[in-house]
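Work through the exercises below with the sequence and the coordinates at hand. Each task is followed by a solution in steps.

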Amino acid sequence: MPELPEVAAAALELTKAALGKTIAAVRPVHFAMKKKFPPADARRVKGRRIEGIERQGKHQLLRLDSGDTLVVHFRMNGDWEIGTTGEEIDRFARGVIELTDGTRISLIDSRALSSILLDREGSSSLPKLGMDANDPGLNAAHLKNVLARKKIGIKPALMDQAVLAGLGNIYAAEALWRAGIDPTRPASSVSPAKLAKIADSIRYVLSPEAAIPGRYTDGDTEGRFAVYGREGEKCRKCGTKVSRIVQAGRSTYFCKKCQRG
DNA sequence: CGACTCCTGACA
DNA sequence: TGTCAGGAGTCG
């Protein structure tokens, strides 16, 4: 579920629940999580105060007063569930962060692909991240720079976190549909005029006005996307059936007629 | 580049 | 039973 807007909303929830508070315990619950968060890390974070919470791309960073950073990534299905230490732990909780005031923040993830890692002061496990997809500075000139020499399709290129941080499969497809761009078009071959359309479309699909109903925004989940997940259904602009292809191992939904640019 | 991996649930 | 899933790292 998480792309940039969802992760941003989750980081806000986390901030409300945890900022300024002290860690009583961080416990991996699922085996896959234990592998990446050893007991030494758990001992190290206990008693530390959470001094800041930031988002970088789809990563959430918890800055501790020790200089260490807890790095959380939701991958496909992760989400926070805020509760208290008295409650029963959710069936899908893969890790929990318990605070000394009794707050328990559970990382819920049915697939258990999420991760919580500890970066010790001075080290960072974060991969290279491009400009945030939300950044007001996102424009055609910037896209031209980061996409130069990229021969892969524009859609997988936009999903490359080193190109643009935060854009994922859904919003990449939705933005390209809005911009009328063929997702398979080699990234470096897209004209500046089209790149400007893409930048505008990304800004739009990530904006609050376009807020796609889901976990954090109310609304019907039926028909919330223009093309994503709508293979065989009618394109909202022209009525042509929406196509589905696979690019870089991921489904791409698009309209063959509207997206030729 | 594609293929495979990490996991588990939902659904045809 | 098989396929797919809003992510991303690794490997050949």
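**Exercise 1. The DNA strand**

Which residues surround DNA strand B? Sort them by class and list polar contacts with the backbone of the strand.

Solution. The model is a predicted one.

Step 1. The residues around DNA strand B are H30, A32, K35, R91, F92, R94, S110, R111, L113 and I152. Of the atoms of DNA strand B that come within 4 Å of the protein, 71% belong to sugar and phosphate.

Step 2. By class, the surface near DNA strand B consists of four charged, four nonpolar and two polar residues.

Step 3. Look for N or O pairs within 3.5 Å. In H30, a polar side-chain atom is 3.0 Å from a phosphate oxygen of DNA strand B. In K35, an N or O atom of the side chain lies 2.8 Å from a phosphate oxygen of the strand. S110 makes its contact through the backbone: one of its polar backbone atoms is 3.3 Å from a sugar or linking oxygen of DNA strand B.

**Exercise 2. The nonpolar cores**

Find the residues with the most contacts inside the largest nonpolar core, and name helices that supply residues to this core.

Solution.

Step 1. The largest nonpolar core contains 29 residues, and I154, L158, L167, I198 and I202 have the most contacts inside it.

Step 2. At least two residues of this core come from each of helix 4 (140-147), helix 5 (154-159), helix 6 (169-179) and helix 7 (192-206).

Step 3. Take L167 as an example. Beyond four places in sequence, L167 touches E3, K58, A133, L158, M159, Q161, A172, I202 and L206. Two of these partners, L158 and I202, are also in the list of Step 1.

Step 4. A separate core of 23 residues lies apart from the largest one, and its members include A10, V26, F74 and I105.

**Exercise 3. Aromatic pairs**

How many aromatic pairs are there? Classify the pair of F74 and W80 and the pair of Y228 and Y253 by geometry and by burial.

Solution.

Step 1. The count is three aromatic pairs.

Step 2. For F74 and W80, the ring centres are 5.3 Å apart and the planes meet at 70°, which is edge-to-face. F74 has a relative accessible area of 2% and W80 is at 1% relative accessibility, so both are under the 20% limit and count as buried.

Step 3. For Y228 and Y253, the centres are 5.2 Å apart with 70° between the planes, so this pair is edge-to-face too. Y228 belongs to the loop between helix 7 and strand 11 (243-247), while Y253 is in strand 12 (residues 250-254); the pair therefore ties together parts 25 residues apart in sequence.

Step 4. Y228 is partly exposed at 26% relative accessibility, whereas Y253, at 12%, is buried.

Step 5. F225 also enters the picture: ring pairs join F225, Y228 and Y253 into a cluster.

**Exercise 4. Two buried residues**

Place C255 and S201 in the fold, give their burial and list their contacts beyond four places in sequence.

Solution.

Step 1. C255 is in the segment after strand 12. Its relative accessibility is 0%, so C255 counts as buried.

Step 2. Leaving out neighbours within four places, C255 contacts W177, C235, C238 and T240. From C255 to G239 the C-alpha distance is 9.1 Å, with their positions 16 residues apart in sequence.

Step 3. S201 is part of helix 7. With a relative accessible area of 5%, S201 is buried. Its contacts, with neighbours within four places left aside, are A175, R178 and A179.

**Exercise 5. Positive phi**

Where do R149 and A248 lie, and are they buried or exposed?

Solution.

Step 1. R149 is not a glycine, yet its phi is positive, near 70°. The residue R149 sits in the loop between helix 4 and helix 5.

Step 2. A248, which is not a glycine either, has a positive phi of about 50°. A248 lies in the loop between strand 11 and strand 12.

Step 3. The limit for exposed is over 50% relative accessible area. R149 is at 75%, so R149 counts as exposed. A248 is at 69% and is likewise exposed.

Methods: Residues are numbered from 1 along each chain as its sequence is written. Chains are lettered from A and ligands numbered from 1 in the order in which they are written. This is a predicted model: local features need pLDDT of at least 70, side-chain atom pairs count only at pLDDT 80 or more; totals for chains, interfaces and linings use all residues. Side-chain values use heavy atoms; hydrogens and water are left out. A residue is near a molecule or strand if one of its heavy atoms lies within 4 Å of it. A polar contact is a pair of N or O atoms within 3.5 Å; within protein, one must be able to donate a hydrogen and the other to accept it, and residues adjacent in sequence count only if both atoms are side-chain atoms. Ala, Val, Leu, Ile, Met, Phe, Trp, Tyr, Cys and Pro count as nonpolar, Asp, Glu, Lys and Arg as charged, and the others, Gly among them, as polar. A nonpolar core is a set of buried Ala, Val, Leu, Ile, Met, Phe, Trp, Tyr and Cys residues joined through side-chain atoms within 4.5 Å. Buried means under 20% relative accessible area, exposed over 50%, partly exposed in between (1.4 Å probe, protein chains only). Helices (H or I, at least four residues) and strands (E, at least two) are DSSP runs, numbered from the N terminus. Contact means heavy atoms within 4.5 Å. Rings of Phe, Tyr and Trp (its six-membered ring) pair if their centres lie within 6.5 Å; planes under 30 degrees apart count as stacked, over 60 as edge-to-face and the rest as tilted.
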